[in-house]
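Thanks for coming. I'll go through one structure today, taking the cysteines, then charge pairs, then empty space, then backbone geometry.

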Amino acid sequence: MSEIRFALAQIDTCVGDLDGNADKVLEYARRAAKRGAQVVVFPEMTLTGYPIEDLALRATFRKAAWDKANWLAVELDSDGLGDLYVVVGTVGSTAADATGPHGEAKPLNRLVVLHQGVVWAGYDKHFLPNYGVFDEFRIFTPGEKSLTFEVEGVKLGVAICEDIWQDGGPVAELAREGIDILVTINGSPYEEGKTHVRREIAAKRAAEVNAPIIYVNQVGGQDDLVFDGGSFVLAADGTMVQRSPQFVEDLSLFTLAADGTPERADIAPALDPDEEVYSACVLGLKDYMAKNHFTGVCLGLSGGIDSALVAAMAADACGGSNVWGISMPSMYSSDGSKDDAADLARNIGAHYDVQPIEPLFNAFQQQLDLHDVAAENLQARIRGVIVMAYSNSKGLLAVATGNKSELACGYSTIYGDAVGGYAPIKDLLKTRVWELSRWRNKAAAAGMGVGGVKVVGNEEGRPGVPLPDGVMIPVNSITKAPSAELRPGQKDSDSLPEYALLDQVLAAYIEHAHGRADLLADGFDAKTVDTVMRLVDRAEWKRRQYPLGPKVTALAFGRDRRLPVTSAFRE
């Protein structure tokens, strides 16, 4: 057994961009080889991007992906990298003879090893997750065989993501084969608190095979999912010997010594929990923009905390000069709110336009003469029209500013403040919005300027644009009582429980699926429980029409939670 150097290529891929993804593999393989690596490992479904969803069912896509894998193997060899073992993920196909009801080929989630100009070895994912955001059992056919191969006398076993989360299967087979190291490629989406769970699972598998484990994870945003990277290597006893940073592309190397022990490499520091969630939201927005060819965003700036935090995230994602903040005051807008909106725009260096809505509101009222909720919703819908006009005329991504508490209770106006193409904080409860806003100001006070967050690719450590007085979000936006300001003296607490209580009930009802009896047993009073359940259940139709936004909790609205719009069950 010889000493071997491995490279962990934690890269950001784009679904369907076969050429771009292959070019990135070439780039990182070259860099790995220059640093002496003999094996370079990429994330799950590297060439296709992940998740590919029903693209997997298109034979033309599968063929194009397989052709790209073959092209890449040849290109690596012609580039003088034929001796390198390059482990990548892609989509494969079964033999078209005994799979579907008509004998058609079925897609496979495949790992391939590129070596000496050919697709040298292959392995298909065994366990196909079919829970939460995953639909792999519906799309893919499970693999049946394990794979080992040798490099310089070192025996490598491989697995794909879910294969290490489930007992038995390929890892159990590899344990019997006496491998020297377990290589896993992963597309594990981010959610708050998940990083330690990954390590615990990996440590369990390392002990099972009695060998070190490499865990390479995807990084980047893909629609409503964010992948945080955080790749790592554990020794057989579970000791961390290498960890890549979160939310950035990275190439890290470590050496497996001739006696089979992994040598300690760089261990990136763990992020503060608030920074971790904030970074996930920013990366989700940044990649959604980049992969859908947007260079700027527009949003309504009300002076409230939600639009302030979204604007701050947008500035960190694409730069303040690419943010258009639109103040749309009505006859009910307070001077303080207008001042807070202006201060926020100045702090982040955003464009700031004032578009009063009272003349438009009066024009509608002359014809419609609306009252109460209808008149309030009209104001929100006029604002939505203005935001979308900016989006269409300037080619900007309109971002919605609703938070999870509001979406849960239907506290938003459909076709009004719900308009947009992306919703950066839709998975943050209101209390979490305040916490992240305070964290961002704390980071600003410590010198983190606009665009200085690591998730915008600031690997050189540039400070970003300095913030005036070391504050990004106006303090008044954080401390004042939240209000939609759609009628005189309005506060959110007029129609909702206080957010500190509301968010506790929502977490139990939504994320833990507690019914009415469970919520009462949790200690919540019956009036609050009945109010919250009624609001949440009646708002399902609104949530179905809300824009995409990054999943950061264990259970986000969308494909994590699939409830019928029409339902009479109330317990």
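Cys161 has a relative accessibility of 7%, so it counts as buried. This is a predicted model, and everything I quote is computed from it. What is the closest partner that Cys161 could have among the cysteine sulfurs? It is the sulfur of Cys14, at 19 Å, and that is too far for a bond. Cys298 is not in a disulfide either, with the sulfur of Cys318 as its nearest, 11 Å away. Cys298 is buried too, because its relative accessibility is 0%. For reference, the cut-off for a disulfide is a pair of sulfurs within 2.5 Å. Over the whole structure the search returns zero disulfides.

Next, the charged side chains. Side chains of opposite charge can pair when their charged atoms come close. The count here is 35 salt bridges, and I'll show a few of them.

Start with Glu44 and Lys125, whose side chains form a salt bridge with an N to O distance of 2.9 Å. The two residues are 81 apart along the chain and join distant parts of it: Glu44 sits in the loop between β2 (39–41) and α2 (59–81), and Lys125 in the loop between β5 (118–124) and α3 (136–139). Are these two buried or exposed? Glu44 is buried, at 0% relative accessibility, and Lys125 is buried as well, at 1%.

The second pair is Arg559 with Asp224, a salt bridge at 2.8 Å, N to O. Here the separation is 335 residues, again linking distant parts of the chain: Arg559 is in the segment after α18 (540–544), while Asp224 is in the loop between β10 (219–222) and β11 (225–228). Arg559 has 18% relative accessibility, so it counts as buried; the cut-off is under 20%. Asp224 is buried at 13%.

The third pair is local. Glu540 and Arg544 form a salt bridge at 3.5 Å, N to O. Both are in helix α18, and because they are four residues apart, about one helical turn separates them. Glu540 is buried, at 7% relative accessibility, whereas Arg544 is exposed, at 52%.

There is also a network of salt bridges, which links Asp12, Lys286, Asp287 and Lys291.

On the nonpolar side, Leu360, Phe364 and Leu368 make a surface patch of about 260 Å². Leu368 belongs to helix α10, residues 358–368. Its relative accessibility is 42%, so Leu368 counts as partly exposed.

Now the empty space. Rolling a probe the size of a water molecule over the atoms shows where empty space is left. How many cavities of 30 Å³ or more does the search find? One. The largest cavity holds about 30 Å³. Residues lining the largest cavity include Leu301, Ser302, Gly303, Gly304, Asp340 and Ser477. Helices α8 (305–318) and α9 (335–348) are the elements that contribute two or more residues to that lining. The largest share, three residues, is from α9.

Among the pockets, I'll take the second largest, with a volume of about 430 Å³. It is lined by 22 residues, and those closest to its centre are Tyr509, Asp537, Arg561, Leu563 and Ser567. Three helices, α15 (499–511), α17 (526–538) and α18, each give at least two residues to the lining of this second largest pocket. That is the α18 which also holds the Glu540 and Arg544 pair.

Last, the backbone. Most residues other than glycine have a negative phi, and most peptide bonds are trans. Where does this chain have a cis peptide bond to point out? From Tyr50 to Pro51, with omega near 0°. Pro51 is in the loop between β2 and α2, and Glu44 of the first salt bridge is in that loop too.

Two residues other than glycine with positive phi are worth listing. Tyr415 has a phi near 65° and is placed in the loop between α12 (404–409) and α13 (430–445). Ala513 has a phi near 55°, and its loop runs between α15 and α16 (516–521). Ala513 counts as exposed, because its relative accessibility is 61%; the cut-off there is over 50%.

That is the end of my list. I'll take questions now.

Notes:
Residues are numbered from 1 along each chain as its sequence is written. This is a predicted model: local features need pLDDT of at least 70, side-chain atom pairs count only at pLDDT 80 or more; totals for chains, interfaces and linings use all residues. Side-chain values use heavy atoms; hydrogens and water are left out. Buried means under 20% relative accessible area, exposed over 50%, partly exposed in between (1.4 Å probe, protein chains only). Patches are made of residues with over 30% relative accessible area and no salt bridge: like charges are joined within 9 Å, nonpolar side chains (Val, Leu, Ile, Met, Phe, Trp, Tyr) within 5 Å. Accessible areas come from the Shrake-Rupley method with a 1.4 Å probe; for residues, only the protein chains shown count as cover. A salt bridge is a side-chain nitrogen of Lys or Arg within 4 Å of a carboxyl oxygen of Asp or Glu. On a 1 Å grid over the protein atoms alone, a cavity is a set of points where a 1.4 Å probe fits but cannot get out, and a pocket is an open set with protein on both sides within 12 Å along at least five of seven lines; lining residues have an atom within 4 Å of a point. Grid points are joined across faces, edges and corners, and a volume is the space filled by probe spheres set on the points.
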